[in-house]
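Let's walk through this model together, from a single pair of residues out to the whole chain. Keep the structure open beside you as you read.

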Amino acid sequence: MIPTRPETRALLAAEYVLGTLQGRARTRFERYLAESDALQREVAVWEAHLHTVMTRDLEPVTPPDALRARVMARVAPPGGAGAPAAGRPRSGARRGRRRVWYAAAAAAALAVLALLLPVAVQQPDAPVVVEPQPEFQPLKRIELAEADGAWEVGVRGDQPIVAAADDGVRPPAGKDYELWWVSGVEGEAPVSLGVLPRTGERTVSVPAEAAGLDTGALAISREPEGGAPEGTPSEVIGVFPL
C-alpha cells in the first residue's frame, strides 16, 4: 500500500535517496515510486535538498596527476582483473570490512537524515496577503517654470501625498524646493510640508488647520539642499491658492 502520511513519505524518500533503504523494502518502495506522483515529488525534493547541503561551501579541487595512477592501480592492479594481488585480504576479511563500512555509512546517513528531516517535513509558511495600495486622488497640481516640472498634491487613502511629475523635477545645483502651507491669516507663519520630491512621491504631515488641504494656499520656496535652515522660507518663488 502506497504510504499516505507526509511524514512517512518523507522518511522513506530520504532513506531511498541516502541509500539506507535496502533489500525488499527498497524494491517495494521503487514499485510504489513508479505509481505515485507524490512519492516522485518527495524523492526529487530530497535529491535537490541533499545536493544543496552536501555541496554547500565546497570549492572545486583539481586532484594531483598521481592520484589517477593510484586509483587505477587499486581498481585494475597489474596482472589483470583475475590475478590475485600480493597481500590481498582473504574474502572473509573483505566481507568483514564491507560490513563495517556499510554500518558506518548507514549510521552517517541516518545522522544526516535526523538533521534534515524536520526541515523537509515542516509545513510551508502561510501565504502573505498583500493589501492593494489605495489609488492616488489628486487635489492640486502645482507647476514651476524654472524647474521645468510639476507636482500633484493629493491623498492616497487618508494619507496626504506629494508626487513629482513622471519626468521628475530638477532644482538648481545645490538647491531643493520646499513646500509650505499658508493659512492666509495675518501674522501666522507658513508651515513647512517638507522638501518636494525630485522623483516619485512622499507623504506629508498636514496641520489640522489645513482641513484636508482645502483652505489657505500652498507655497514653494527655493532652499539650500535639504530644506530651509532657519525653519522659515528663504525665497518664495510660487504661491498656489487652494
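**Starting from one pair**

Ala163 stands opposite Glu201 in strand E6. This is a predicted model, and that pair is a handy place to begin the tour.

Ala163 belongs to a pairing in which strand E3 (residues 159-164) and strand E6 (residues 201-203) run antiparallel, joined by three bridges. E3 is mostly covered, with five of its six residues buried. E3 has another antiparallel partner in strand E2 (residues 149-156), and six bridges hold that pairing. Here Gly154 stands opposite Ile161 in E3. If you follow the chain from E2 into E3, you pass through a hairpin with two residues between the strands. Gly157 sits in that turn and has a positive phi of about 70 degrees.

Now look at what gathers around Phe136, which lies in strand E1 (residues 136-144). Is Phe136 buried or exposed? Its relative accessibility is 18%, so Phe136 counts as buried, the cut-off for that class being under 20%. Leaving out residues up to four places away in sequence, Phe136 touches Glu152, Val153, Gly154, Val155, Arg156, Ile161 and Ala163. Two residues from the opening steps are therefore among its contacts: Ala163 and Gly154. Val155 is 19 residues from Phe136 in sequence, yet their C-alpha atoms are 5.8 Å apart in space.

**Charged links between the strands**

Glu201, the residue opposite Ala163, also takes part in a salt bridge: its side chain meets that of Arg156 at 2.8 Å, N to O. The pair links distant parts of the chain, with Glu201 in strand E6 and Arg156 in strand E2, 45 residues apart. How do the two ends compare in cover? Glu201 is partly exposed at 37% relative accessibility, whereas Arg156 is buried, with a relative accessible area of 17%.

Another salt bridge joins Glu152 and Arg141, at 3.3 Å from N to O. This pair links strand E2, where Glu152 lies, to strand E1, where Arg141 lies, and the two residues are 11 apart. Glu152 is partly exposed at 23% relative accessibility, and so is Arg141 at 45%. Both residues are part of a network of salt bridges that also takes in Glu143.

A further example brings loops into the picture. The side chains of Glu225 and Arg198 meet in a salt bridge of 3.7 Å, N to O. Glu225 is in the loop between E7 and strand E8 (236-241), Arg198 is in the loop between E5 and E6, and 27 residues separate them. Glu225 is exposed, with a relative accessible area of 55%, while Arg198 counts as partly exposed at 35%. Altogether, the count comes to nine salt bridges.

**Strand E4 and its partners**

Moving on along the chain, you reach strand E4 (residues 175-182), where six of the eight residues are buried. E4 pairs with strand E7 (residues 217-224) through eight bridges, and the two run antiparallel. Within this pairing, Lys175 has Pro224 of E7 as its bridge partner. E4 also pairs with strand E5 (residues 191-195), again in the antiparallel sense, over four bridges. There, Glu178 has Val195 of E5 as its bridge partner.

**The helical part and the chain as a whole**

Step back now, and the order of elements comes into view. The chain has five helices and eight strands, and from the N terminus on, the helices come before the strands. In helix H4 (residues 65-75) you will find Met72, which is partly exposed with a relative accessible area of 38%. Met72 joins Leu67, Val71 and Val75 in a nonpolar patch on the surface, and together these residues have about 330 Å² of accessible area.

Some totals complete the picture. Of the 242 residues, 28% count as buried. The protein chain exposes about 16400 Å², with carbon and sulfur atoms supplying 55% of it. Among contacts between residues at least 6 apart in sequence, 53% join residues at least 24 apart.

How confident is the predictor, and where should you read with care? The mean pLDDT of the chain is 77, and 73% of its residues reach 70 or more. Over residues 82-86, pLDDT stays under 50, and the model has one contact beyond four places in sequence for this stretch.

Conventions:
Residues are numbered from 1 along each chain as its sequence is written. This is a predicted model: local features need pLDDT of at least 70, side-chain atom pairs count only at pLDDT 80 or more; totals for chains, interfaces and linings use all residues. Side-chain values use heavy atoms; hydrogens and water are left out. Buried means under 20% relative accessible area, exposed over 50%, partly exposed in between (1.4 Å probe, protein chains only). Two strands pair if DSSP finds at least two bridges between them. Patches are made of residues with over 30% relative accessible area and no salt bridge: like charges are joined within 9 Å, nonpolar side chains (Val, Leu, Ile, Met, Phe, Trp, Tyr) within 5 Å. Accessible areas come from the Shrake-Rupley method with a 1.4 Å probe; for residues, only the protein chains shown count as cover. A salt bridge is a side-chain nitrogen of Lys or Arg within 4 Å of a carboxyl oxygen of Asp or Glu. pLDDT is the predictor's confidence in each residue, from 0 to 100. Contact means heavy atoms within 4.5 Å.
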